[in-house]
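Here are some exercises to work through at your own pace. Have a look at the structure first, then try each task before you read its solution.

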Amino acid sequence: METKIWIVDNIEDKSQFYPQISQAAQLLRAGEIVAFPTETVYGLGANATNTAAVEKIFSAKGRPSDNPLIVHIAQLQQLEEFATDIPTFAYQLIERFWPGPLTLVLKAKGNISEKVTAGLPTVAVRMPNHPIALALISECGLPLAAPSANLSGRPSPTTAKHVYDDLNGRIAGIVDGGETGVGVESTVLDCTEEIPVILRPGGVTKEEIEQVIGKVRIDVALEDKTAAPKSPGMKYTHYAPKSPLIIVAGSRTHLQHLVDEQRKRGMKVGVLTTEENQHFYQADVVLPCGRREDLHTVAAHLYEVLRHFDETDVELIYSESFPAEGIGAAIMNRLKKAAGYQVIREK
Ligand code: TXA
Ligand code: MG
């Protein structure tokens with residue numbers, strides 16, 4: 001299949017990108033799958049009401065079919081077409097965070113393909129905060145099921161090039177709107193419990209949610225990888241770099257010491273660090289990922305840096321650790337998954 005690419009130069013100028021969006025929307029209405037930027041990562045969209053279209057997402061990505069998809073909407077009234085029994089606190093969150101990187105898991109009403117919900121009685125919905133995503137959903141007039149637009153097992157794409165590298169020839173098109181902003185996926189919040197539960201930390205932090213609705217819980221599977229996950233997606237190793245990744249919780253000196261030991265054994269070693277610390281390390285490859293003083297910049301570049309390591313010849317990667325507060329919770333969640341939960345703590 002030929003993958004069509006639409007390059008949008010100015011994402012703020014709707015009149016300029018409208019012709020491109022309308023072509024992409026036409027393909028989506030015809031049951032094809034198209035990748036588009038959101039404020040978190042690129043999504044791979046399909047008409048959520050069309051089972052054949054949704055099936056194309058799973059086959060293009062190589063995604064296990066028991067892992068449900070998020071439904072993306074552009075208008076609030078679309079929500080009540082798919083979800084029911086929506087609690088008041090969910091509306092408070094919508095008021096504060098939509099459009100934005102918060103996905104709500106609600107009781108499903110039907111009206112969308114069972115392939116989207118993977119047969120669950122619940123549906124995950126979000127309104128992305130990106131002019132292209134919103135325009136595309138509106139132009140289609142359809143809810144779009146959209147997982148991240150990567151091959152299963154690869155880091156989520158934060159540029160159209162990442163999508164192209166993974167999915168060229170497997171999907172109908174890519175709308176290139178440049179780099180996404182947040183860099184990690186949306187926060188997934190289960191709103192079907194009396195006290196809502198964070199199933200996946202992401203762009204909206206626990207602290208921000210609690211400021212609006214009070215105490216929320218964190219799914220036990222996020223802390224303890226042996227517990228049964230509530231969100232089907234959490235049981236999969238989302239991404240493992242080609243070479244083992246190990247998180248070092250400790251000083252820079254300790255991390256450098258670990259690097260030196262491995263290099264003495266003839267290993268090629270990489271270090272994942274920050275702009276502030278990059279000149280401290282001596283290793284075969286040292287890649288900075290944002291600035292430690294602003295963890296949002298780390299989130300924005302994490303997946304790109306992980307992809308970059310896969311293009312180098314390092315045999316082992318040590319990563320600095322980050323405080324797991326605010327956006328740091330999402331960063332550490334993704335890093336730990338990529339590391340298969342290997343953490344070295346300095347004694
Ligand atoms: O930021 C994002 O959320 C991006 C962009 C493209 O919007 N999308 C994304 O989709 O990350 P995906 O498919 O890679 O992740 C969806 C997550 C999975 O962990 C899945 O298990 C969970 O949401 N999920 C979807 N429906 C669910 C449901 N009904 N109950 C519990 N978890 C659900
Ligand atoms: Mg994903």
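**Exercise 1.** Find how many bridges join strand β13 to strand β16, and in which direction the two strands run.

*Solution.* Keep in mind as you go that this is a predicted model. Start by locating β13 at residues 245-249 and β16 at residues 316-320. Between these two strands there are 4 bridges, and the strands run parallel. For one facing pair, take Val-248, which stands opposite Glu-320 in β16.

**Exercise 2.** Work out the strand order of the open sheet, and name its edge strands.

*Solution.* A reminder helps here: strands of a sheet pair through backbone hydrogen bonds, either parallel or antiparallel. Step one is the order, which reads β15-β14-β16-β13-β17, 5 strands with parallel pairing. Step two is the edges: β15 (285-288) and β17 (343-345) each pair on one side only. Step three is the twist: on average, neighbouring strands of this sheet are turned by 25° against each other, direction ignored.

**Exercise 3.** Which strands does helix α10 lie across, and which strands does helix α11 touch?

*Solution.* Take α10 (residues 252-264) to begin with: this helix lies across β13, β14 (269-273), β16 and β17. Its direction is at about 175° to β16. Now turn to α11 (residues 295-310), which packs on the sheet and touches β13, β14, β15 and β16. The direction of α11 makes about 170° with that of β14.

**Exercise 4.** Describe the second largest pocket: how much space lies in it, and what lines it?

*Solution.* Begin with the volume, about 310 Å³. Next comes the lining, made up of 20 residues; Pro-201, Ile-218, Glu-223, Ala-324 and Ala-329 lie nearest the centre of the pocket. Then ask which helices contribute: α8 (206-213), α9 (220-223) and α12 (328-338) each supply at least two lining residues. Of the elements, α12 gives the most, with 5 residues. Finally, sort the lining by class: 10 residues are nonpolar, 5 polar and 5 charged.

**Exercise 5.** Where do Pro-99 and Asp-85 lie, and what is special about their backbone?

*Solution.* Pro-99 lies in the loop between α4 (88-97) and β6 (102-108). A cis peptide bond joins this proline to Trp-98, with omega about -10°. Asp-85 is found in the loop between β5 (83-84) and α4. Although Asp-85 is not a glycine, its phi is positive, about 55°.

**Exercise 6.** Why can the protein chain be called as compact as a globular protein of its length?

*Solution.* First count the elements: the chain has 12 helices and 17 strands. Its radius of gyration is 20 Å, close to the 20 Å that the globule rule gives for 347 residues, so the chain is as compact as a globular protein of that length.

Note on methods. Residues numbered from 1 in each chain as written. Chains lettered and ligands numbered in written order. Predicted model: local features only at pLDDT ≥ 70, side-chain atom pairs only at ≥ 80, totals over all residues. Heavy atoms only, no water. Pairing = 2+ DSSP bridges. Axes fitted to C-alpha atoms, helices over the stretch in contact; angles between N-to-C directions. Contact = heavy atoms within 4.5 Å. 1 Å grid on protein atoms, 1.4 Å probe; cavity = no way out; pocket = protein on both sides within 12 Å on 5 of 7 lines; lining within 4 Å. Points joined across faces, edges and corners; volume = space filled by probe spheres on them. Nonpolar A, V, L, I, M, F, W, Y, C, P; charged D, E, K, R; others polar. Rg over C-alpha atoms; globule rule 2.2 N^0.38 Å.
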